[in-house]
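Let's take a walk through this protein together, starting with one helix and working outward. Keep the structure open beside the text and follow along as we go.

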Amino acid sequence: MITVTKTFLPSLEEYHTLLSGVWERGWVTNEGPLVIELESALKKYLGVKHLFFVSNGTLALQLAIKALNLTGDIITTPFSYVATTSSIVWENCRPVFVDIDPDSLCLDPRLIEKAITPTTQAILATHVFGLPCAVEAIEQIARRYRLRVIYDAAHAFGVDYDDQSVLNYGDISTLSFHATKLFHTGEGGAIVTQDDALAKKIAYMRNCGHVSANQVVGLGINAKNSEIHAALGLCVLPHVEELIAHRRALTALYDALLIPRAIQRPMPSPRAEINYSYYPVLLPSEDHLLIAVNALNQADIYPRRYFYPALTNLPYVAAGASCPVAESVASRVLCLPLYHDLQESEVERIATIINAHVLGPSLCV
Ligand SMILES: Cc1ncc(COP(=O)(O)O)c(C=O)c1O
């Protein structure tokens, strides 16, 4: 069976070595030495100033909204994983959807200003599939209207923009280290900021408000992560470059084999160094997509409709302005299998099935 992704697991021996230290110390959570080591290794690898390892990428988003004291409208993307919107609603804010750019599939900066009202407080945009948002345009708008900016960078581990980490844009960026991600800790995530005052606040907020055992300085929640998860991350991190290199090679192979008439690919900014974490394609229509999925499933291959449906359709969001680009993209987008031990011959099989079924006689375009 070939699935859309597969978790990279380091050797059990490497993991066991780090775990034996945990057993010796008997120190399993609450800012143990492995959590501290992982945070400092990640800061160095990613080139960021402050980074807090947390329980998952959803809590990272919720903490970001809370740390910025947001209580009103947040302009956001309709094309992302559900956690981007649910975090806004969970924190009692209101998502205001603005359509996406058809090339990058990220929030379209040309449409943001029209959606700003006196109750708008922030922009929460996703670097979807690790393709950077139009960070400069978004920040210009944010400065002009005094809005805060959060980037959901769940897919953007190791992505650069103009030769520096894309995580350094905005007030806060959040990461997911879920097992499906390029870099993972099983479950996990991180909050990144360059702002010292915000960092101080996030440090106690993720730790139930504690700054020391007997001192609680403000409202917090338990968003800490454990030594067991940190150990996994420390074993995965040294492999990230080789994981990216393999995905880059498989991406080039898919690009060479898939017939452009059958699929369309999102386009990253030429100023971005991407991480090849996903291989999204846009089919000509939802009918073509369903035919391709069915043919792939028949061959025991399971791509995923990331992200379907568009978030404007969630049952807990109010109807707002329509987002035709996101609606169209969500109905036609498919992420093809891409992972560390996917074989070239498997990419060839997948491409052959898609070309044949999308361009086949019944639906010839
Ligand atoms: C864009 C995006 N944001 C947020 C999340 C939430 O991360 P987590 O699953 O670690 O809570 C995900 C997870 O898949 C995601 O893809």
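Please begin at helix H11, residues 324-332, whose buried residues are Ala 326, Val 329, Ala 330, Ser 331 and Arg 332. What do these buried residues of H11 pack against? Their partners are strand S14 (279-282), helix H10 (286-298) and S16. Bear in mind as you look around that this is a predicted model.

Now step back to the whole chain. The domain assignment splits the protein chain into domain 1, covering 2-238, and domain 2, covering 240-363. Measuring between C-alpha centres, domain 1 and domain 2 are 25 Å apart. On the domain 1 side, 46 residues are in contact with 48 residues of domain 2. Together the two domains bury about 4,100 Å² between them, and 66% of that lies on carbon and sulfur atoms. Three residues are worth colouring here: Ile 2, Val 4 and Leu 182 supply 21% of the area that domain 1 buries against domain 2, more than any other three residues.

The interface has a polar side to it as well. The rule finds 17 residue pairs in polar contact across the interface of domain 1 and domain 2, with both partners at pLDDT 80 or more. Which elements give two or more residues to the side of domain 1 that touches domain 2? They are strand S1 (2-3), helix H4 (82-90), strand S4 (94-97) and strand S7 (160-161). H4 gives the largest share of that side, with 4 residues. Sorted by class, the side of domain 1 that touches domain 2 has 28 nonpolar, 11 polar and 7 charged residues.

Next, the charged pairs. The structure holds 13 salt bridges, and 3 salt bridges are found across the interface of domain 1 and domain 2. A good one to pick out is the salt bridge between Lys 6 and Asp 341, with the closest N and O atoms 3.2 Å apart. Lys 6 sits in the loop between S1 and helix H1 (12-25), while Asp 341 sits in the loop between strand S16 (333-336) and helix H12 (344-358), so this pair ties together parts that are 335 residues apart in sequence. Lys 6 is partly exposed, at a relative accessible area of 38%, and Asp 341 is partly exposed too, at 32%.

Arg 271 deserves a pause, as two salt bridges can be traced from this residue. One is formed with Asp 162, where the closest N and O atoms are 2.7 Å apart. Another joins the side chains of Arg 271 and Glu 136, at 2.7 Å from N to O. The Glu 136 pair links distant parts of the chain: Arg 271 is in the loop between helix H9 (240-257) and strand S13 (272-273), and Glu 136 is in helix H6 (residues 135-145), 135 residues apart. Arg 271 counts as partly exposed, at 37% relative accessibility, and Glu 136 likewise counts as partly exposed, at 35%.

Is the salt bridge pair of Arg 206 and Glu 39 buried or exposed? Arg 206 is buried, with a relative accessible area of 4%, and Glu 39 is buried at 9%. The closest N and O atoms of this salt bridge are 2.9 Å apart. Arg 206 lies in the loop between helix H7 (196-205) and strand S11 (210-212), and Glu 39 lies in helix H2 (residues 33-46), so the pair ties together parts that are 167 residues apart in sequence. Elsewhere, Asp 101, Asp 108 and Arg 110 are linked in a network of salt bridges.

Let's finish with two loop residues. Thr 77 is placed in the loop between strand S3 (73-76) and H4, and counts as buried, at 1% relative accessibility. A polar atom of the Thr 77 side chain lies 2.9 Å from the backbone nitrogen of Phe 79. Beyond residues up to four places away in sequence, Thr 77 touches several others, including Thr 85, Phe 97, Leu 124 and Leu 311.

Ser 104 is found in the loop between S4 and helix H5 (112-115). This serine is buried, with a relative accessible area of 13%. Leaving aside neighbours within four places in sequence, Ser 104 is in contact with Val 128, Leu 131 and Met 267.

Technical notes. Residues numbered from 1 in each chain as written. Predicted model: local features only at pLDDT ≥ 70, side-chain atom pairs only at ≥ 80, totals over all residues. Heavy atoms only, no water. Domains from an automatic or database assignment. Contact = heavy atoms within 4.5 Å. Buried area = accessible area lost by both parts, 1.4 Å probe. Salt bridge = Lys/Arg side-chain N within 4 Å of Asp/Glu carboxyl O. Polar contact = N/O pair within 3.5 Å; in protein donor to acceptor, adjacent residues only side chain to side chain. Nonpolar A, V, L, I, M, F, W, Y, C, P; charged D, E, K, R; others polar. Buried < 20%, exposed > 50% of the residue type's maximum accessible area, 1.4 Å probe, protein only.
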